[in-house]
Each structure stands twice: as C-alpha cells, then as structure tokens.
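The following exercises concern a single protein chain and are to be worked with the sequence and the model at hand. Each task is followed by a solution in steps.

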Amino acid sequence: MNSTDSPQRDSPQRAPELVPPSDANIARAAGLLRAGELVAFPTETVYGLGADATDDRAVARIFEAKGRPRFNPLIVHVPDQDSAEAIVRFDARAERLAETLWPGPLTLVLPRRPDSPLSLLVSAGLDSVAVRFPAHPVARALLKAAGVPVAAPSANRSGAVSPTTPLHVAESLGARVGLILAAGRCAVGVESTVLDLTGEAPVLLRPGGVTAEDLEALLGVPVLRPSQAEAAGDPAAPKSPGQLASHYAPGRPVRLGANGAAPDEALLAFGPDTFIRGGATRLNLSPQGDLHEAAANLFAMLRALDRPEHAAIAVMPVPEQGLGVAINDRLRRAAAPRGPAPFPSETPTQD
C-alpha cells in the first residue's frame, strides 16, 4: 500500500488530537518530530505544520498532508540565530536584520551551507534556504525541545486560508496531523515577510509581518520587488514569480517517460525494474512503487546522477496521482528547455 493511501493518516473517522502546550505536551510533540511525524504548532503569524527538516521522508509527509501539487521551498524554523547559522551562510545584512528583528515574523532566504544537514526537499533542490526564528513562546519551546530544524508551512490544505487558530488546523487537515499544540489565536495573523539576500540587492519575495520600510531603514538601501530585480538585470537575484524554479535544473539533459537507458545515460527508475535494461548508473526512487519514498529520494537522486560522464538522465514514468503529481511537476521542470521560459513561482512560502 502506498503511503498516499494510508487509512491511518487519512481516515476521516480519526480526529486530530488538540492538546494544551504544557511542558509535557511540548516534550511529546518534540519526540514526534524527531520520530518523523507531523506536528501542528502556533507561531506569531499562523499555525505551522512541522516536520524534521533533516528527514527526507518527514518533509515529504508535509506535501502529502497538504495535498500540495508542487514542491515549493519550505520555511525552516529554528530556536535561535546560532541554529540558523549552522544551516545557512549569514552576511552583514542578515546579521543586522537578525539582531534587530529576530525573533519575529521575518524569513530570510540565504545560501545553504555545503555541510547543511537539511533535506534537499526543503528547498526544492535550490541552493538557498528560507529560515526563520519565530517569536511565539510555544514555537520557541518546541524548537528547543526538538533539537532539530523544523520545516513548517502553514497547517492547512494547499490553497485553503491560512490557519490562525487550532480549530482551523483541525478543520483543514483532519487526521493528516496527529497532534496540534493548541495555544489560541495567532497574534499577527498573516504570514512572515520573506526577504531574499542571496543576491547583491535585497528582494522582497513576500510582504508580511515586517514592512518593506522597516527593512529599508535597517539596511540603508532599497528593497526590490522580484520584478524590479529582474529589470535591474541582477543574475544572482531571484526572478519574478514564474522564473525562480529555473535556478535549479540538472546539468545533464533529462529524458522523461523512459523504458530504458542508453549505455552512456543514467537511469532514474521507479518501481520494480528487474527487466529494465541499460544505463551506466542506475538509482531507483522506490523499488516498491511507494510515492512517499520516491518524493523523499527525488532531489538527492537527481543530484547523484547529475555527473559529467552521463550524456543524459533517463527517468521512468511516475504515476500522476497523490505525491506523483508533485514529483512529475518537478521532473517536467528539470526536463524543460534551458533558458528564460517561465515556471510557476518558487518563492519560499508558508502555504
């Protein structure tokens, strides 16, 4: 049985458990996160759907639970600035903003450290990570107790209104989340501001709890919108919505719908491949045909096969259902012609 069909996770008869944020319940929630489970918790902006950001399979469960059609980058939540600096590289601008505005509703997109333990699925294969130090005391207590960075988009089904109360989470996700730390209504009620600092000019990817004027006052320079960054011709800056996905694609061409591979190609298989022939190197997203396992393996395996000795990466078909929709979305992007052709937005988000 595929994880997308799991009756335990999706059964409408089993309601999620709402518990007060006592020390015992926070410790219990932290243990669930370390075990690869999903936990909903409050931040000052909205309720988040948390998973261990270092665990590929746990992160894949976020997309499954939300019914998210694409692997958008997720925001990683940390309990302090030192924890953030262990997974991303800070520059002087980031230091200044963090010292003044953290903890708080500000997410910084920064270059990923080469030794970062984060799952590649968190950043949708990009070399940047969206990171935030939330101010809510329950969120901070949970993050400290968990001892791992926590990926947490908003705790609702994809496309639904972001949740600002525990009942919103329960109504939207149902049994897809087992435990909700219920701490009343979120104070801010809108998502965090997302600021990209991976380029020379700071770019506001999403307005939120911190205003652009606040950011400009601290940085001493204008904060660009994505369209302004594109017009300025900054190749390091994120492009306007519709183009950021092109920042990651394998160096080797990607051939979809393959039933085999040439001797000089790499083969990315799915499901039982006993009778599949060819391929200089072969990796299998899931020999059992488990879409959850395939999602967890996708980015790491694409990178592993992206080597100069391979003429191309041949990819076997993946079913267009459940998490297969998101997997195929990313594979189509990887196989698309290189250049400025637009893709849907890849802004780090809490949706």
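**Exercise 1. A helix on strands**

Which strands does H5 lie across, and at about how many degrees does H5 run to E5?

Solution. The model under study is predicted. Helix H5 covers residues 92–101 and strand E5 residues 106–111. H5 lies across E5 and E9, and its direction makes about 155 degrees with that of E5.

**Exercise 2. The sheet of 10 strands**

Determine the strand order of the open sheet of 10 strands, its edges, and the helix H2 that packs on it.

Solution.
1. The order is E1-E8-E2-E3-E7-E4-E6-E5-E9-E10, and the pairing is mixed.
2. The edge strands are E1 (17–19) and E10, each of which pairs on one side only.
3. Helix H2, residues 23–34, packs on this sheet and touches E1, E2 (39–42), E3 (47–52), E7 (150–151) and E8 (179–181). The direction of H2 makes about 135 degrees with that of E8.

**Exercise 3. The hairpin E9–E10**

Describe how E9 and E10 are joined, and then examine Ser 192.

Solution.
1. Strand E9 (residues 193–196) and strand E10 (residues 203–206) run antiparallel and are joined by three bridges.
2. One of the residues to locate is Asp 196, whose bridge partner in E10 is Val 203.
3. Six residues lie between the two strands, which form a hairpin.
4. Ser 192 is placed in the loop between E8 and E9. Its relative accessible area is 0%, so Ser 192 is buried.
5. The side chain of Ser 192 is joined to that of Thr 107 by a polar contact of 2.8 Å.

**Exercise 4. Aromatic pairs**

How many aromatic pairs does the structure hold? Classify the pair Phe 63 and Phe 71, then the pair Phe 90 and Trp 102.

Solution.
1. There are three aromatic pairs in the structure.
2. For Phe 63 and Phe 71, the ring centres are 4.7 Å apart and the planes stand at 85 degrees; the pair is therefore edge-to-face. Phe 63 and Phe 71 are both buried.
3. For Phe 90 and Trp 102, the centres lie 6.0 Å apart with the planes at 75 degrees, so this pair is edge-to-face.
4. Phe 90 belongs to the loop between helix H4 (81–85) and H5, while Trp 102 belongs to the loop between H5 and E5; the pair therefore ties together parts that are 12 residues apart in sequence.
5. Burial is judged by a limit of under 20% relative accessible area. Phe 90 is buried because its value is 16%, and Trp 102 counts as buried because its value is 7%.
6. Phe 90 and Trp 102 form one aromatic cluster together with Phe 133.

**Exercise 5. The sheet of four strands**

Establish the order of the open sheet of four strands, and follow Ala 266 through its surroundings.

Solution.
1. The order is E11-E14-E12-E13, with parallel pairing.
2. E11 (254–255) and E13 (281–284) each have a single partner strand, so each of these edge strands has one side without a neighbour in the sheet.
3. Strand E12, residues 266–269, pairs with E13 in the parallel sense over four bridges. Across this pairing, Ala 266 stands opposite Thr 281 in E13.
4. Helix H10 (residues 291–305) packs on the sheet and touches E12, E13 and E14 (313–315). The direction of H10 makes about 175 degrees with that of E13.
5. Ala 266, found in strand E12, is buried because its relative accessible area is 0%.
6. Leaving aside residues up to four places away in sequence, Ala 266 touches Ala 261, Thr 281, Leu 305, His 310, Ala 312, Ile 313 and Ala 314.
7. The C-alpha atoms of Ala 266 and Asp 306 are 8.3 Å apart, although 40 residues separate Ala 266 from Asp 306 along the chain.

**Exercise 6. The chain as a whole**

State how many helices and strands the protein chain has, and report its burial, contacts and exposed area.

Solution.
1. The chain has 11 helices and 14 strands.
2. Of its 351 residues, 58% are buried.
3. Among contacts with a separation of 6 or more, 67% are between residues 24 or more positions apart.
4. The chain exposes about 13700 Å², of which carbon and sulfur atoms supply 53%.

Key: Residues numbered from 1 in each chain as written. Predicted model: local features only at pLDDT ≥ 70, side-chain atom pairs only at ≥ 80, totals over all residues. Heavy atoms only, no water. Pairing = 2+ DSSP bridges. Phe/Tyr/Trp six-rings, centres within 6.5 Å; stacked < 30°, edge-to-face > 60°. Buried < 20%, exposed > 50% of the residue type's maximum accessible area, 1.4 Å probe, protein only. Contact = heavy atoms within 4.5 Å. Axes fitted to C-alpha atoms, helices over the stretch in contact; angles between N-to-C directions. Areas by Shrake-Rupley, 256 points an atom, 1.4 Å probe, with all protein chains shown as cover. Polar contact = N/O pair within 3.5 Å; in protein donor to acceptor, adjacent residues only side chain to side chain.
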